[in-house]
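Good morning, and thank you for making room for me in today's meeting. I would like to walk you through one structure, so please take a moment to look at it before I begin.

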Amino acid sequence: MHNDRPDLYICTDHLLVYSIKHMTPSVCEGDMMDDSQKHRILMVSDFFYPNFGGVENHIYYLSQCLLKLGHKVVVATHAYGNRSGVRYMTGGLKVYYIPWSPFVMQNTLPTFYGLLPIIRTILIRERITVVHGHQAFSTFCHEALMHARTMGYKVVFTDHSLYGFADVGSIHMNKVLQFTLADVSQAICVSHTSKENTVLRSGLPPEKVFVVPNAVDTAIFKPAVDRPSGSEIVIVVISRLVYRKGVDLLVEVIPEVCRLHPNVRFIIGGDGPKRVRLEEMREKHSLQDRVEMLGAVQHVQVRSVLISGHIFLNSSLTEAFCIAILEAASCGLLTVSTRVGGVPEVLPDEMIVLAEPDPGDMVHAIQKAISMLPKIDPQAMHNRMRELYNWHDVAKRTEIVYDRAFKCSNQNLLERLSRYLFCGAWAGKLFFLVMIVGFLLWQLLELWQPADDIEEVPDFTLPCSCDEEMLEKNSVK
Amino acid sequence: MKGGRLWWRPRLQWHVYMMEFWPSAVDNTVWGLAVPRGCLELITMGASIRKMMLFFSRMVIFSISNARYTYVHDQKYPSEDVDIHHVVSRRSNAKYLFVHASALLVLACALYLYVLKEKAISLVYYSLLFDIFLVNLLLGKPVKKESVVIMPAFGVQLETHYVSGKVIRYFVPIDKILKPVLIECVTPVTCYWTLSLIIRGESEMVLVFKNLRPPVKMLAYVWKALCAATDSKEETCTHAE
C-alpha cells in the first residue's frame with residue numbers, strides 16, 4: 001500500500017513557508033533583504049530548563065541558533081525552586097526566572113493581569129521587538145502574549161501539542177487558545193497535522209499558521225561505530241510510561257512478538273504510572289530474561305540506550321511531532337510507530353514502518369521491520385537525518401515567520417476589540433471586557449512608572465577571556 | 001600606598017571643572033565636556049596648584065541627575081585618600097501632592113456623608129485611619145540620601161541619611177571585600193540593578209544604596225570607584241562557573 005503522506009517541503013498556497021533548499025533565486029533575493037533585519041526576541045513559556053522535555057529543548061536549541069544568526073534572544077519563565085532571577089546560558093542566552101511559583105503541572109497560577117508589570121518591564125528594558133510564546137498549555141505564555149499585544153508588540157505563537165475537541169479540559173483550553181490567538185501576528189505548528197488541529201481549535205485563518213518542524217541535535221545522536229552484532233534483535237522503547245504513550249499497546253504487543261521471534265529482546269526505558277502493567281506482563285509471560293526494564297533514563301543516557309538496539313518502537317496514541325523517533329533515526333535505528341497525529345510526516349518511508357494503533361497491526365509492522373533490518377545502513381540514515389532535520393534550518397524558517405509578523409500592519413485597539421467579540425456569544429463579550437481592563441491597567445502603569453524611567457540593559461558581550469575560551473571550544477569541534 | 005597615583009584622577013576632574021561650575025550648578029552638569037582652554041595654563045602652574053586645591057577643597061566635582069535621583073561625587077576632605085559618593089532622593093512633588101490630595105478627598109467624602117447623609121461618625125474615624133495608612137504606605141520611609149565613603153586604606157562606609165536627621169552607618173573593612181558587583185534583580189513585578197559587595201566569609205552580599213535603588217548609570221560610577229579601591233578588575237563577565 002502506498003503511503004499518501006504530504007511532502008514536508010511542498011510549496012502550496014496554504015503553507016506560505018518555503019524550505020531554504022527549494023527557494024527560487026528571486027525569493028532568495030527577497031530573503032537576503034529580510035536577513036538584514038535583526039530581531040530582538042522574547043521567548044515566553046512555563047517550560048524551560050532545568051525542567052526537561054520537548055518544549056524546553058525546542059526553546060533552547062531555537063534560541064541558540066537564532067543567537068548564531070545574529071538576533072538577540074531573551075527567555076522568560078517562572079522560578080524553578082531556588083533558581084530565581086537572571087541567569088545566562090551558553091552563548092549569552094539571557095533567562096529571566098521570574099519569581100512566580102509553579103501552581104500545577106509546572107504552570108503558574110492563571111491571573112489575568114498579574115504578569116503585566118514584569119512583562120512590561122522586561123519588554124522595555126530589553127528593547128524586545130518580537131514576543132514568541134510556546135505551548136498552548138502554558139498560562140505564562142498566554143498572559144505574556146495578551147499583554148504584549150496590548151502594548152503593540154508583534155506576537156508569534158508555537159503550538160507543540162495536539163488537543164481533542166470533546167472533553168471538558170480540551171473545550172476550555174480551545175476557548176482560551178481562541179482568545180489568545182485571536183490577535184496573534186503569526187502562529188507556528190510543528191507538523192501539518194498539528195496545524196490542522198490548531199486551526200480548528202482556535203479559528204485562526206490558515207494562512208497565518210506556518211509549519212516549522214522540530215529538529216534533533218545530530219551531533220549528540222550518532223550511530224554506534226560498531227552495530228550490535230549477533231543473531232539477536234534488540235527493540236528499544238524509550239518514553240514516559242503513561243496512557244498517552246500507548247503502554248497498554250505494548251503490553252499486548254511484546255508477548256506476541258517474543259512468541260513469534262525467539263531471537264528478539266526488548267529494552268524499555270522510562271518511568272510512569274503504567275510501569276506496573278509492564279512488570280505484570282513480564283511476570284505473566286515469564287519474559288524476565290527477554291524484556292529489560294531500565295527505569296527512568298536521563299537525557300544524557302538516551303543515546304547509549306538507543307545505540308544498543310536495532311529497532312525503535314513508538315506506540316504513542318497521539319503526537320503532534322515525535323522527537324523521540326528523530327533521535328532514534330539519527331542513531332541509525334529503524335523505527336516502528338503508530339500512525340497517529342503528525343508521526344507520518346516525520347520520517348521517509350525507508351526509515352519507518354507505520355501501523356495502526358492496534359496490537360495485531362503493530363506485531364505485523366514489527367515483523368516487517370525485522371525483515372527490513374539487513375538493508376539498513378545506520379550511517380546513511382544518520383547523514384540523511386542531518387540534512388532533513390537541522391536546528392539551523394528551523395531557526396531560518398522561524399526567522400522568516402518573524403519577518404512576516406513584522407510586515408503585518410499595526411492595528412489600533414478598536415480593530416483588535418472587534419476581533420475578540422467574534423470569539424463567541426458570551427465568551428466574546430468576556431474577552432472584550434478582559435482586554436479593555438488590560439488596556440486600562442497598562443495605561444495606569446504608564447502613569448505610575450513611565451517607560452522612560454525603565455533603563456535599558458546593555459547587551460551581553462563575551463569578555464576577552466571567554467572569547468578565547470569559546471574559540472578554543474569551537475576549534476575542538 | 002595602594003593604587004599608586006590613584007589620587008591624581010579626581011584631581012584631574014577638579015582641574016577640568018573648576019573654571020565652569022560652582023556648587024549651585026550641581027544639578028545640571030553633564031559628564032564629558034571638553035577641557036576649556038584656560039585649564040591648560042592652569043594645569044601647568046606649579047606649587048600654586050596645591051594652594052588652590054586647599055582653597056577649593058570643598059568644591060563639588062561631578063554629578064548626574066534624573067527625575068528622581070541626584071548623584072554627587074564629592075571631595076569633602078583635604079585628604080587625598082577619601083572618596084565620597086552620594087545619591088540624593090529628589091522629593092517627587094507630583095507624588096506628594098497626589099497622595100495628600102487623595103487623602104483629603106477620602107476625608108471630604110466621609111465628612112460629606114456624615115454631615116448631609118447622617119451616616120455614623122465612625123465612618124469619619126475609619127477614613128481618617130485609612131488616610132494615615134495611605135500616607136505612610138505611599139510616602140514610605142523617608143530616606144533622604146545614601147552615601148558611600150571609600151577609604152582605600154581602611155574600607156568602605158555605607159551611610160543612610162533619613163529626613164528626620166537620623167544616620168545609619170555600616171563599615172566594611174577593605175580586606176573583607178572580595179569584589180563589587182552590579183547585579184540584575186528580578187521581583188514578581190519589576191527588575192532593577194543593584195550594586196553589591198561580596199564579603200569574605202559571609203553568604204550574603206552587602207547592598208550599596210539599598211533603599212533608594214538608583215539607576216545603573218549612577219551605580220556604574222560608584223562601581224568603578226569601588227573596583228579601583230579594592231584593586232578589582234572591571235570585568236563585565238556574567239558567566240556563572
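Before I place any residue, let me say what I mean by a helix, since I will use the word often: helices are DSSP runs of H or I with at least four residues, and they are numbered from the N terminus. I should also say at once that what you see is a predicted model.

With that in hand, we can start in chain B, where B:Ala110 is found in helix α4. Is B:Ala110 buried or exposed? Its relative accessible area is 4%, and because anything under 20% counts as buried, B:Ala110 is a buried residue. If we leave out residues up to four places away in sequence, B:Ala110 touches B:Leu123, B:Val124 and B:Ser127. For one of these partners we also have a distance between C-alpha atoms, since B:Ala110 and B:Val124 are 5.3 Å apart in space although 14 residues separate them in sequence.

Another of those partners, B:Leu123, belongs to helix α5 of chain B, and its relative accessibility of 31% makes it partly exposed. B:Leu123 also takes us to the surface, as it is one of the residues in a nonpolar patch, together with others including B:Tyr112, B:Leu116 and B:Tyr125, and the patch has about 740 Å² of accessible area in total. Helices α4 (93–115) and α5 (122–139) of chain B are the elements that each give two or more residues to this patch, and α4 of chain B gives the most, with 4 residues.

Let me now turn to chain A, which has 477 residues, 54% of them buried. Its secondary structure comes to 16 helices and 16 strands. If we take the contacts in chain A with a separation of 6 or more, 73% of them are between residues 24 or more positions apart. As for the outside of chain A, its accessible surface comes to about 21,000 Å², and carbon and sulfur atoms account for 58% of that.

What does the largest nonpolar core look like, and which residues have the most contacts inside it? This core has 99 residues, and the ones with the most contacts within it are A:Phe48 and A:Leu306. Helix α7 of chain A, residues 247–260, supplies the largest share, 8 residues, and the core takes at least three residues from each of domain 1 (8–215 + 394–476) and domain 2 (233–388) of chain A. To see the surroundings of A:Leu306, set aside its neighbours within four places in sequence, and you will find it in contact with residues that include A:Phe221, A:Ile238, A:Phe312 and A:Leu333. There is also a second, separate core of 42 residues, with A:Val74, A:Trp100, A:Ile124 and A:Ala187 among its members.

One more residue of chain A deserves a look, namely A:Ser194 in helix α6, residues 192–202. A:Ser194 counts as buried because its relative accessibility is 0%, and, not counting residues up to four places away in sequence, it touches A:Asp159, A:Ser161, A:Leu162, A:Cys189 and A:Ala320.

Finally, let us consider the salt bridges, of which there are 23 over all chains. One of them joins A:Arg125 to B:Glu184, with the closest N and O atoms 2.5 Å apart, and this pair crosses between chains, from helix α3 (residues 116–125) of chain A to strand β7 (residues 177–186) of chain B. Both A:Arg125 and B:Glu184 are buried, and they also take part in a network of salt bridges that links them with A:Lys72, A:Lys94 and A:Glu126.

A second salt bridge lies within chain A, where A:Lys245 and A:Glu319 bring their closest N and O atoms to 2.7 Å. Why can we say that this pair ties together separate parts of the sequence? A:Lys245 is in the loop between β11 (233–238) and α7, while A:Glu319 is in the loop between β14 (311–314) and α10 (323–330), so the pair connects parts that are 74 residues apart in sequence. A:Lys245 and A:Glu319 are both buried.

My last example is in chain B, where the side chains of B:Glu159 and B:Arg169 form a salt bridge at 3.2 Å, N to O. B:Glu159 sits in strand β5 (residues 155–162) and B:Arg169 in strand β6 (residues 167–173), 10 residues apart, and B:Glu159 counts as buried because its relative accessibility is 11%.

How values were computed
Residues are numbered from 1 along each chain as its sequence is written. Chains are lettered from A and ligands numbered from 1 in the order in which they are written. This is a predicted model: local features need pLDDT of at least 70, side-chain atom pairs count only at pLDDT 80 or more; totals for chains, interfaces and linings use all residues. Side-chain values use heavy atoms; hydrogens and water are left out. A nonpolar core is a set of buried Ala, Val, Leu, Ile, Met, Phe, Trp, Tyr and Cys residues joined through side-chain atoms within 4.5 Å. Buried means under 20% relative accessible area, exposed over 50%, partly exposed in between (1.4 Å probe, protein chains only). Domain bounds come from an automatic or database domain assignment. Contact means heavy atoms within 4.5 Å. Patches are made of residues with over 30% relative accessible area and no salt bridge: like charges are joined within 9 Å, nonpolar side chains (Val, Leu, Ile, Met, Phe, Trp, Tyr) within 5 Å. Accessible areas come from the Shrake-Rupley method with a 1.4 Å probe; for residues, only the protein chains shown count as cover. A salt bridge is a side-chain nitrogen of Lys or Arg within 4 Å of a carboxyl oxygen of Asp or Glu.
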